[in-house]
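User: Please take me through a close look at one helix of this model and its surroundings. I am a first-year student, so go step by step and keep the sentences short.

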Amino acid sequence: RVERTAAETGTLVARGVPFRCSDAAVSDALREYYPRSVRVIRDEARQSAYCFVDFGSPDAARAVMAAYPGSARNGPGARLVVLGEPLSLEYGRRKAGAPQGHGDWQCDQCNAVNFARRTRCYQCYDEKPARPRIVGEGPGTTLLTPAPVRADVDGRYDSAEPTATLVLYNLSKYSGEREVEEVMRAYAPVRETKLMRDRAGQTRGVGFVSFLTVEAATHCLGAIARAGGTVSIDDARCRA
């Protein structure tokens with residue numbers, strides 16, 4: 001048996017998540033703690049789910065554990081409830097003593113994170129490399145903010161005429177509407193944010209940010225252009 005270390009990290013693992021629960025539902029339940037990213041993992045065979053919640057620092061994760069002591073393993077007190085179901089929480093931990101190549105791996109083709117047992121990527125069906133990128137063991141291999149992925153078709157949704165909506169390309173696969181909106185509000189008030197998603201609920205690299213006026217969108221686009229033409233959202237450099 002591989003023993004787990006007791007080190008606290010900035011990522012929490014939530015178990016007992018309802019099978020149909022979305023990333024947004026978990027993020028909303030923890031909104032006052034400003035989670036940086038949420039990723040729900042579903043087991044279709046067992047109709048069960050769990051999720052990773054990244055807060056960016058151990059202190060932030062610790063604050064959540066303190067607020068919901070009943071959700072810690074065998075702990076008394078308040079519990080985190082999502083969609084009517086009480087969840088259990090634990091720190092995301094690295095396995096100690098595991099050989100190289102053991103653990104979840106990240107696809108070189110599409111950057112999807114796969115369980116260690118998979119021999120092909122669940123998303124693009126590319127074969128597992130002989131020396132895969134192991135999650136957490138190098139740049140661009142974090143569980144929640146992998147290296148940016150290509151947009152569906154860069155520039156496909158651009159408009160020839162000025163509008164109140166900007167299109168963002170090259171978003172991280174695990175970015176959410178809230179993360180995008182928080183960044184764009186620094187330029188002008190945002191009316192609505194929508195991200196294109198696949199059937200698994202992950203973004204397809206393209207987002208639409210609607211401002212109150214065409215002038216506000218133009219101001220935002222100009223500010224991004226003056227900063228080099230890209231804006232950083234959730235560790236991805238996005239082009240507007």
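Analyst: A residue counts as exposed when its relative accessible area is over 50%, as buried when that area is under 20%, and as partly exposed in between. Tyrosine 34 shows how this works: its relative accessible area is 60%, so it is exposed. Keep these words in mind, and remember that this is a predicted model.

Here is the setting. The protein chain has 4 helices and 14 strands. Of its 240 residues, 40% are buried. Take the contacts between residues with a separation of 6 or more: 57% of them join residues 24 or more positions apart.

Now to the helix. I choose H4, which runs over residues 214–226. Start with its length. H4 has 13 residues, and at 1.5 Å a residue they should span 18 Å. The C-alpha atoms at its ends are 18 Å apart, which agrees with that expectation.

Next, which residues of H4 are buried? They are Ala216, Ala217, Cys220, Ala223 and Ile224. Look down the axis of H4: these buried residues fall within an arc of 125°, so they line one face of the helix. A general rule helps here. An α-helix has 3.6 residues a turn, so residues three or four places apart point the same way. One of the buried residues deserves its own check: cysteine 220 has a relative accessibility of 0%, which makes it buried.

Turn to the other face. Glu215, Ala225 and Arg226 are exposed on the face of H4 turned away from its buried side.

What does the buried side of H4 pack against? Its partners are strand S10 (165–169), helix H3 (177–184), strand S12 (203–211) and strand S13 (230–233). After H4 comes glycine 228, with a positive phi near 110°.

Follow one of those partners, H3. The buried residues of H3 are Glu179, Val180, Glu181 and Met184. H4 is among the elements that cover them. Others include S2, S10, S11 (190–197), S12 and S13. The loop between S10 and H3 holds asparagine 170. Asparagine 170 is not a glycine, yet its phi is positive, near 70°. With a relative accessible area of 25%, asparagine 170 is partly exposed.

A second helix makes a good comparison. H2 covers residues 58–67. Its buried residues are Ala61, Val64 and Met65. They cover an arc of only 100° around the axis, which puts them on the same side of H2. They pack against S1 and S6. On the other side of H2, Asp59 and Ala66 are exposed.

Stay with aspartate 59 for a moment. It is exposed because its relative accessibility is 55%. Its side chain makes a polar contact of 2.4 Å with the side chain of arginine 62. Glutamate 8 is 51 residues away along the chain, yet the C-alpha atoms of aspartate 59 and glutamate 8 are separated by 9.1 Å.

Back on the buried side of H2, look at valine 64. Beyond its neighbours within four places in sequence, valine 64 is in contact with Leu12, Leu30, Tyr33, Phe55 and Leu89. Now the cores. The largest nonpolar core has 22 residues, and Val17, Val26, Leu30, Phe55 and Val64 touch the most other members. Elements that give two or more residues to this core include S1 (11–17), S2 (37–43), S3 (48–54), H2 and S6 (88–91). A second core is separate, with 17 residues that include Leu168, Val180, Leu195 and Cys238. In soluble globular proteins, nonpolar side chains tend to be buried together.

S1 also carries threonine 11. Its relative accessibility is 18%, so threonine 11 counts as buried. The side chains of threonine 11 and aspartate 54 are joined by a polar contact of 3.3 Å. Leaving out residues up to four places away, threonine 11 touches Phe52, Val53, Asp54, Glu90, Tyr91 and Gly92.

One last point concerns the cysteines. The structure holds 0 disulfides. Cysteine 51 has its nearest cysteine sulfur 6.9 Å away, in cysteine 21. Cysteine 51 is buried, at a relative accessible area of 0%.

Finish where we began, with tyrosine 34. It lies in the loop between H1 (23–29) and S2. Its phi is positive, about 55°, although it is not a glycine.

Definitions and conventions
Residues numbered from 1 in each chain as written. Predicted model: local features only at pLDDT ≥ 70, side-chain atom pairs only at ≥ 80, totals over all residues. Heavy atoms only, no water. Expected span 1.5 Å × (residues − 1). Buried < 20%, exposed > 50% of the residue type's maximum accessible area, 1.4 Å probe, protein only. Arc of directions from axis to C-beta. Contact = heavy atoms within 4.5 Å. Polar contact = N/O pair within 3.5 Å; in protein donor to acceptor, adjacent residues only side chain to side chain. Disulfide = S-S within 2.5 Å. Core = buried A, V, L, I, M, F, W, Y, C linked by side-chain atoms within 4.5 Å.
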